[in-house]
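User: Hello! I am new to reading structures and would like some help. Could you walk me through a few features, one at a time?

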Amino acid sequence: QVQLVESGGGLVQAGGSLRLSCAASGRTFSRIAMGWFRQAPGKEREFVAAISCSDNSTYYADSVKGRFTISRDNAKNTVYLQMNSLKPEDTAVYYCAAAAPYYGDYVPNRESEYDFWGQGTQVTVSS
């Protein structure tokens, strides 16, 4: 089991920045691939970004590439999502996710590849 707790959401104006954090516990964090997903009102949950466990390879959705950065600190069992140049369409509940299998340098980017989820944190971008 992996427990995930997100923080850092809030209200920000368009063009602003936020950093989300996700603290993990319950398993060896350095062997877990981590991802961020989001769900806007009335829409399905979608992939945002992910990071591998072995070499910190990353993968981003096209909609956030160049604006968002995912990183991890294995000493703190925490994954981050730095969000810059935020747009109103980034408004959503953001979820942290952890993959149960050991993926090595593979970066899982499908919801079905993740087994543990946080409770979500709201990000609202005003225009």
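Analyst: Gladly! Let's start with a cysteine, and keep in mind that this is a predicted model. The sulfur of C53 lies 14 Å from the closest cysteine sulfur, which belongs to C96, and that is too far for a bond.

User: What should I know about such a bond, and how far apart may two sulfur atoms be to count as a disulfide?

Analyst: A disulfide is a covalent bond between the sulfur atoms of two cysteines. The cut-off is a pair of sulfur atoms within 2.5 Å. C53 does not reach it, because the closest cysteine sulfur is 14 Å away.

User: Is C53 buried or exposed?

Analyst: C53 is buried, with a relative accessible area of 6%.

User: How many disulfides does the structure hold, and which cysteines form a disulfide?

Analyst: The structure holds 1 disulfide. C22 and C96 form it, with their sulfur atoms 2.1 Å apart. This pair joins distant parts of the chain: C22 sits in strand β3 (residues 18-25) and C96 in strand β9, 74 residues apart. The angle about the S-S bond is -80 degrees, so the link of C22 and C96 is described as left-handed. As for accessibility, C22 is buried at 0%, and C96 is buried with a relative accessible area of 0%.

User: Now the loops. Where is S52 found, and what does its side chain contact?

Analyst: S52 is in the loop between β5 (46-51) and β6 (58-60). Its side chain makes a polar contact with the side chain of D55, at 2.8 Å. Leaving aside residues up to four places away in sequence, S52 also touches several others, including A33, R72, D105 and Y106. S52 counts as buried, because its relative accessibility is 0%.

User: I have also heard about backbone angles. What sign does phi have in most residues?

Analyst: Most residues other than glycine have a negative phi. With that in mind, look at N77: its phi is near 50 degrees, a positive value in a residue other than glycine. N77 lies in the loop between β7 (68-73) and β8 (78-83). With a relative accessible area of 28%, N77 is partly exposed.

User: What is phi near in S85, and where does S85 lie?

Analyst: Phi of S85 is near 50 degrees, a positive value in a residue other than glycine. S85 lies in the loop between β8 and β9 (92-98). S85 is partly exposed, with a relative accessible area of 41%.

Note on methods. Residues numbered from 1 in each chain as written. Predicted model: local features only at pLDDT ≥ 70, side-chain atom pairs only at ≥ 80, totals over all residues. Heavy atoms only, no water. Helix = DSSP H or I, 4+ residues; strand = E, 2+ residues; numbered from the N terminus. Buried < 20%, exposed > 50% of the residue type's maximum accessible area, 1.4 Å probe, protein only. Polar contact = N/O pair within 3.5 Å; in protein donor to acceptor, adjacent residues only side chain to side chain. Contact = heavy atoms within 4.5 Å.
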